[in-house]
Amino acid sequence: MTILNASMRRPTTPAVSAPASQDWKTRSVCRDKVADDFFSTSTAAKERARALCVGCPVIVECLNHQRQSDDAIYRWGVGGGLDPDQRRALEVEELLGNRPDLVMAQLLVSPRWLYRLRRLKAGCRSLEGMVAALRKDGLVVDEVTVRVAVWWSGGQGARMARPARLDRRSWRARLRDEYADVVVMLHKLGVRRADIAAYLGNPGKDGEKGVSEVLKAVAEKSAAAGVELAA
Ligand code: SF4
């Protein structure tokens, strides 16, 4: 699975060019709406807000704005079609040099492609599989772009592949068995445990606990190896 871009450094150039103005805000579909759904913790409310975003003509401008903004308000609430966990996962993607093509992501959730995207989402175990299929369709896409499109379409877009049909392991067991190197690498880059879990697609407490378990196991193994070497 291709999880990491070759460049695993924080980009030295801006991920997106600065918008010329804030005029796009006057065209947003949420400008006259009550913000409750956007800042609710209810899944149903967040889904309503996300659906509003996906029909918004300035979703690309809005998400670009949020990606560049340090404003604390963007730590909460749905915006640019993503919830805070998804935006944190996107920040980790960009730390790894993986920058989405938001115009292409918007195309993927347009009426022309949405059905295809949903079929692939149901049939493929991973973003990598979806990318391969879409490239066969003639689209120039990468995993982070497809990931944003899957989020916008209401899917999870997890970085971890779905388990095979007969795989009964828990998410945490799969994390430990298959993704420990990714967890350690992100930890060394200074990514918080909660954000590592969000990046991999399990932003809740269970995900954070799984990341802590992996780091603890790796530390114990290293310590044991150190004792053995010294002995
Ligand atoms: S994308 Fe969503 S949050 Fe952004 S302006 Fe449109 S409706 Fe509002």
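Which helices do the buried residues of α8 pack against? In this predicted model, the partners are α2, α4 (84–95), α5 (102–108), α6 (111–123) and α7 (127–136). Before looking at that packing in detail, it helps to get a feel for the chain as a whole.

The protein chain holds twelve helices and zero strands, so there is not much to puzzle over in its layout, by the DSSP runs used here. Read from one end of the sequence to the other, the pattern is simply α-α-α-α-α-α-α-α-α-α-α-α. Of the 231 residues in the chain, 32% are buried. Among contacts with a separation of 6 or more, 65% come from residues 24 or more positions apart.

Back to α8, which covers residues 143–152. Ten of its ten residues are buried, so the helix is largely enclosed by the rest of the structure. The run starts with Glu 143, Val 144, Thr 145, Val 146 and Arg 147, and carries on through Val 148, Ala 149, Val 150, Trp 151 and Trp 152. Charged side chains are thus on the list too, with Glu 143 and Arg 147 both buried. Just after α8 comes Gly 154, with a positive phi of about 95°.

One of the packing partners of α8, helix α2, turns up again around the ligand. There, α2 (43–54) and α3 (59–68) each supply at least two residues of the shell. The residues around the ligand include four cysteines by name, Cys 30, Cys 53, Cys 56 and Cys 62. Ser 28 and Val 29 also belong to this set, as do Leu 52, Val 58 and Ile 59. A run of glycines, Gly 79, Gly 80 and Gly 81, rounds off the list. Sorted by character, the shell comes to eight nonpolar residues, four polar ones and no charged ones.

Helix α3 also carries Gln 66. This residue has 18 C-beta neighbours inside 10 Å, so it counts as partly exposed. Its C-alpha atom is separated by 8.7 Å from that of Arg 87, although the two residues are 21 residues apart along the chain.

Further along, Lys 205 sits in helix α12, which spans residues 205–230. Lys 205 counts as exposed because it has 10 C-beta neighbours inside 10 Å, and the cut-off for that class is 12 or fewer. Between the C-alpha atoms of Lys 205 and Ala 194 the separation is 8.0 Å, with their positions eleven residues apart along the chain counted as the distance apart.

Key:
Residues are numbered from 1 along each chain as its sequence is written. This is a predicted model: local features need pLDDT of at least 70, side-chain atom pairs count only at pLDDT 80 or more; totals for chains, interfaces and linings use all residues. A residue is near a molecule or strand if its C-beta atom, placed from the backbone, lies within 6 Å of it. Helices (H or I, at least four residues) and strands (E, at least two) are DSSP runs, numbered from the N terminus. A residue is buried if 20 or more other C-beta atoms lie within 10 Å of its own, exposed if 12 or fewer, and partly exposed in between; C-beta atoms are placed from the backbone. Two residues are in contact if their C-beta atoms, placed from the backbone, lie within 7 Å.
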